[in-house]
Amino acid sequence: MSTYLSAENLGHQFHDNWLFKNTTIGINRGRRVALVGVNGAGKSTLLKILAGQIKPTEGKVVQSRDLNMGYLEQDPGFKDAVTISDYIFHADDVQQQMIRKYEELLENDPDNAKALEKIMEEMSEVDAWEYEYKIKTILGRLDIHHLNQHISTLSGGQKKRLALAKLLIEDPDLYILDEPTNHLDIDTIEWLEKLLTDGSKTILMVTHDRYFLDNVCNEILEIDRGKMVPYNGTYAYYLEKKAERDASDEASFQKNSNLLRKELEWMRRQPQARGTKSKARIDAYYDLEEKTKQGGARDKVELSVKTARQGNKIMEMEHLYKGFNGNNYISDFNYVFKKGDRIGLAGKNGTGKSTLLNLITGGLQPDKGAVIKGETTVIGYFHQSGITFKDDERVIDIVKNVAEFITMADGKMISASALLTLFLFPPAKQYGFISKLSGGEKKRLQLMSILMKNPNFLILDEPTNDLDIDTLNVLEEFLTNYSGILMMVSHDRYLLDKLTDQLFIMEGNGHVRIYNGNYSSYRVELDEAKQQNKKGNVAPTPAPAPVAKKSKLSFKEAKELETIEAEITALENRVKAKNEELNKVGIELVKLNETVAQITELTKKLDAKSARWMELIELNEA
């Protein structure tokens, strides 16, 4: 098995702390590896080192010759590209440049029949249609449509999807992906899963999405206190083996601690100047000391803040309407919140999920209707844009700005500093600057700031982005026991399944469907409905079944159907132009005969194309 990438004795230092040391990694062809570990463990940094974006403090990375590697960053850059086309299409790729010209013609000048016919012929000559179909499919699934749009006008989520689209189009030998599911809706994540597991792709990725991780990856590499621990299996296998290993480590820790105490006594008894001390025993002592330093139960985030008392009237939404720029997102939506409600918002990107949340929180006002909040309702809103922290602020000051003391679930009062410690911010970080925190640590601080206000109506808009899996597990445990109202938008199917029992499904055009059940139940119902529709479309007949007709177009036929309408339009325009030439006064006889012959030939082609179009339509609808 060929090795695409190898790293030897890697070590990297960040803010005077070693993220990892003496690390050796090999990525072979066909392996799909997930990198896991707590926030700040160095996952994204390791990806950057392996992708050649930064140099390690120690060690080296070696790539195989002519390796085509693609790297998706959390916050991608676009170099000198101005438009989406500039970024997607390589200037030195003949097929891509033809496809770019064809797509831009269709978008900007669709009536230019001559130019379209010419570029279509050129694309056929270099066999570019299959590639064009692939590019169009990827861009469409990632909701990228206007190729002449300037990248500077895109949102952060659109930029991430654009970078992912380019990577998928290029289909590199090795995919290095940092949180690829961020800013994707669930349908697109499920499509991406299938794409990445098709064939023998080689992948190294960081993701917090456990369903995605379990479905895509067949190996786990954990960064645990500066060391790399491999697990050869899925994420479910990793959880099982990690639990066994943690139990074993705890037993070893206790044993090592007892041994260390005895060894320490022995070391102290020896005279400093005495040279007869056993070197082997001294080495064993230092080795044991190192093991004990790393052992013991790891710190965990603890979430147990008090929830404000909730009255009988929580919140009511009456005949809500909201639209923007002629697009209708919510039409005549009504709902009365009840105690114990745990609601997930589902729907494709752009269907109005965040709009509904902003109506509830008062960030937006409805066009019509009303949101009536109960007097005792205290809303905590964890949203995608997060809280804007200043880089020169200290972590402790962020918390003290909310409250000096916080009431916990058991009624005890603790200081801001003690609460930060529970959230895995040790004193050194509490008095450090925001600029030194990782993205996940900033998210954790934001969540903590919200929970400190003791909300009884908690709204989470994509809370999983940038949080490590360990923190997510603790967040889930807290939310499972949370007694207030919970509303959540998340592309994490695992989280929706575990924490919600009702869905508001944004179906588009303003319609919001209320569904009783979790996301997996909803998907099963959708799949069953599709199967029933397929059966319902077949007319029952007592006669023997005829020879089965083709019910689905092949790839080439689907490609042909996609392009044939443009070809027919181009031919019709040419026939029309030739007929106009015939009507010109004073046309010469020779020119007249040539034009009539051309019209006859074009009409034959047009008839043949039209007949083929009808045939493809019938096949497609069969």
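These legends go with an overall view and several close-ups of a predicted model.

**Figure 1. The whole protein, a predicted model with 20 helices and 20 strands**. Of the 622 residues here, 44% are buried. If you look at contacts between residues at least 6 apart in sequence, 68% of them join residues at least 24 apart. The exposed surface comes to about 32,700 Å², and carbon and sulfur atoms supply 49% of that.

**Figure 2. The second largest pocket, with a volume of about 650 Å³**. There are 22 lining residues, and the ones closest to the pocket centre are Tyr 71, Gly 77, Lys 79, Tyr 87 and Lys 166. Strand 5 (69-72), helix 2 (84-88) and helix 6 (156-170) each give two or more residues to the lining. Sorted by class, the lining has 11 nonpolar, 5 polar and 6 charged residues.

**Figure 3. Val 36 and its neighbours in strand 3**. Strand 3 covers residues 32-36. With a relative accessible area of 4%, Val 36 falls under the 20% cut-off, so it counts as buried. Leaving out residues up to four places away in sequence, Val 36 touches Lys 43, Leu 213, Ile 220, Leu 221, Glu 222, Ile 223, Tyr 238 and Ile 469. Val 229 is also worth finding in this view: Val 36 and Val 229 sit 193 residues apart in sequence, yet their C-alpha atoms are 9.8 Å apart.

**Figure 4. Helix 1, residues 43-50**. Helix 1 has 8 residues and 6 of them are buried, so the rest of the structure largely encloses this helix. The buried set is Lys 43, Thr 45, Leu 46, Leu 47, Ile 49 and Leu 50. Lys 43 also turns up among the contacts of Val 36. After helix 1 comes Gly 52, with a positive phi near 80°.

**Figure 5. His 183 and Glu 190, in a loop and in helix 7**. His 183 belongs to the loop between strand 6 (174-178) and helix 7. Its relative accessibility is 28%, so His 183 counts as partly exposed. Check the backbone here too: His 183 is not a glycine, but its phi is positive, about 70°. Most residues other than glycine have a negative phi. Glu 190 lies in helix 7 itself, which runs over residues 186-197. At 17% relative accessibility, Glu 190 is under the 20% cut-off and therefore counts as buried. Setting aside residues up to four places away in sequence, Glu 190 touches Arg 493, Tyr 519 and Arg 523.

**Figure 6. Helix 15, residues 439-451, and the loop after it**. At 1.5 Å a residue, the 13 residues of helix 15 should span 18 Å, and the end C-alpha atoms are 19 Å apart, so the two values agree. This helix is mostly covered, with 11 of its 13 residues buried. Among them are the charged residues Glu 441, Lys 443 and Arg 444, along with Leu 445, Leu 447, Met 448, Ile 450 and Leu 451. Asn 454 follows in the loop between helix 15 and strand 17 (457-461). Asn 454 has a relative accessible area of 18%, so it is buried. Its phi is positive, near 55°, and Asn 454 is a residue other than glycine.

Terms used
Residues are numbered from 1 along each chain as its sequence is written. This is a predicted model: local features need pLDDT of at least 70, side-chain atom pairs count only at pLDDT 80 or more; totals for chains, interfaces and linings use all residues. Side-chain values use heavy atoms; hydrogens and water are left out. Helices (H or I, at least four residues) and strands (E, at least two) are DSSP runs, numbered from the N terminus. The expected span of a helix is 1.5 Å times one less than its number of residues. Buried means under 20% relative accessible area, exposed over 50%, partly exposed in between (1.4 Å probe, protein chains only). On a 1 Å grid over the protein atoms alone, a cavity is a set of points where a 1.4 Å probe fits but cannot get out, and a pocket is an open set with protein on both sides within 12 Å along at least five of seven lines; lining residues have an atom within 4 Å of a point. Grid points are joined across faces, edges and corners, and a volume is the space filled by probe spheres set on the points. Contact means heavy atoms within 4.5 Å. Accessible areas come from the Shrake-Rupley method with a 1.4 Å probe; for residues, only the protein chains shown count as cover.
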